[in-house]
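User: I'd like to go through this one with you. Can we take the terms one at a time?

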Amino acid sequence: MVGSPRALVLGAGISGLLAAYRLRQQLGDAATIVVADPEPGSGGKLRTGEVGQSGGPVELGAEAFVRRRPEVTSLAAELGIAEQLVHPSGLRPAIWAGHELHPMPAGTFMGIPLGPEALEGLVDDTTLARIAAEPGLPLDWKPGQDASLGQLLAERFGPRVVQRSVDPLMAGVYGGGTEHIGVRAATPELAAALDRGATSITAAARSALRPGPAGPVFATFRDGYRILIDALERAARAERTQDFLDRPLRADGRGWDAGVLGHADIVVIATPAHAAGRLLAQAAPEASHELARIQHASAALVTLDLPLDAGIPQHSGVLVATGEELAAKAFTFTSRKWTHQAHRNLVRVSLGRFGDDPGTSILDQPDARIIDIARADLSTVTGVAEEPLATRVQRWRDGLPQYEPGHAERVTTIEQAVAPMPGLALAGAYLHGVGVPACIATADAAVAQALSGVAG
Ligand SMILES: Cc1cc2nc3c(=O)[nH]c(=O)nc-3n(C[C@H](O)[C@H](O)[C@H](O)COP(=O)(O)OP(=O)(O)OC[C@H]3O[C@@H](n4cnc5c(N)ncnc54)[C@H](O)[C@@H]3O)c2cc1C
């Protein structure tokens, strides 16, 4: 690297913008930092918008983050926007199962019961007896192995536990049921407890349960994630371009040849997995191949701005059990969940699941049809059928990477293939967790890795 370095960040989601900001901190004012993303706006799946005239920002993508991980809270403090952080009202979600609403079970680890009392009322007596008997069943688990979380739990506790307790929670994170989700990547604490020799899933779940920080589980930004995105862009002082690298990166002897984006000493690829795979086709074909194999779930989010007197139940939302006759997988009662939204009556309906037939996918329906489906499902679950004052549909095609069995191993292969390449690193939601805090952590690690590989 001769003179002032030139760094390129591909992707302007939270992972890319955090990488750009850290690069600016590490490389100083003299460095040129370019953030390239074909989209006109920055933030990727963090998108704050408006719905109707009822006032104030609404999240059209991610709506919150978990406080158990420190990354977002620390970043907000670092960027001087910590006073924007707000917490939920404390109302709990309900579960829609067997055509009725049930209280969300307490005494579970990610929906996995710690004992039969946790799921009383939600599952039948035969299933409760299976939960009670699970600690006594012989368990065949080899340290380091992986399995489908849904299949493993169905074998041990019965399918009802999966459909009614675990799937509804996991669908909120991964956009699909647990049949396609790997134990190791989705519940690493459980896998670790099993590796350490836990004799049953109940025992593993009990030892995986760790107390989080005091206070609410979730937080968000009062004026939306755009506050974080704007603050990061200001702090990164990067050039932003919509120019698009539509061919693989090539090593050019002194760094990277990024085609229309020019030469770069450092490249952080912070795109979704498939785009990253195309970019690496020449430099790291093995990583490219594995990236292409990561599957994704698509989702449509419908925000309904309802009249204030539409009687939304006193829950933060409703999670839908697998196998119910609804297109919706979850409802967020935004104005019940967040006190800063209580001046209006917003409801967000999430539709689409991993594995939906692309031919009949809800995402391909026109907006009016998607809104009708969302309203019909809301009416089934709550009885609320009032005409909304305003609506908004947001599609997230391939929005959520699936952490299938073997995912952790695949990620190791990808990272090991890229690690020896000086100045090159990957960040994003497909690596070590889909949540915003996990994305931030991958971007931090990517910058450290990219800088460690370049001299001077
Ligand atoms: C509907 C939904 C709800 C969610 N809710 C939550 C939540 O409440 N809490 C939470 O913690 N997480 C949530 N998530 C997950 C979280 O929002 C995402 O995992 C995270 O925002 C991903 O950030 P990223 O920067 O890695 O990727 P992205 O946000 O996908 O950004 C990648 C960027 O790369 C760009 N790009 C694509 N191809 C190229 C290319 N060739 N060159 C340059 N740029 C390219 C894209 O345009 C995009 O802007 C949700 C996700 C979805 C889809």
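Analyst: Sure. β21 gives the most to the shell around the ligand, with 3 residues. This is a predicted model, where local features need pLDDT of at least 70 and side-chain atom pairs pLDDT 80 or more, while totals for chains, interfaces and linings use all residues. Numbering starts from 1 along each chain as its sequence is written, and side-chain values use heavy atoms, leaving out hydrogens and water.

User: What makes a residue near the ligand, and which come nearest?

Analyst: One of its heavy atoms has to lie within 4 Å. Of the 32 residues around the ligand, S15, D37, K45, A64 and V434 come nearest.

User: Why is the A64 pair with the ligand called a polar contact?

Analyst: A polar contact is a pair of N or O atoms within 3.5 Å (within protein, one must be able to donate a hydrogen and the other to accept it, and residues adjacent in sequence count only if both atoms are side-chain atoms). A backbone N or O atom of A64 is 2.7 Å from a ligand nitrogen, so the pair qualifies. For V436, a backbone N or O atom sits 2.8 Å from a ligand oxygen.

User: How much of the ligand does the protein cover?

Analyst: The protein covers 88% of the 1000 Å² of accessible area that the ligand has on its own (Shrake-Rupley method, 1.4 Å probe).

User: What makes S200 a cap for α8?

Analyst: A side-chain oxygen of S200 lies 3.4 Å from the backbone nitrogen of T202, at the N-terminal end of α8. That is within the 3.5 Å limit, so the pair fits on distance.

Note on methods. Helix = DSSP H or I, 4+ residues; strand = E, 2+ residues; numbered from the N terminus.
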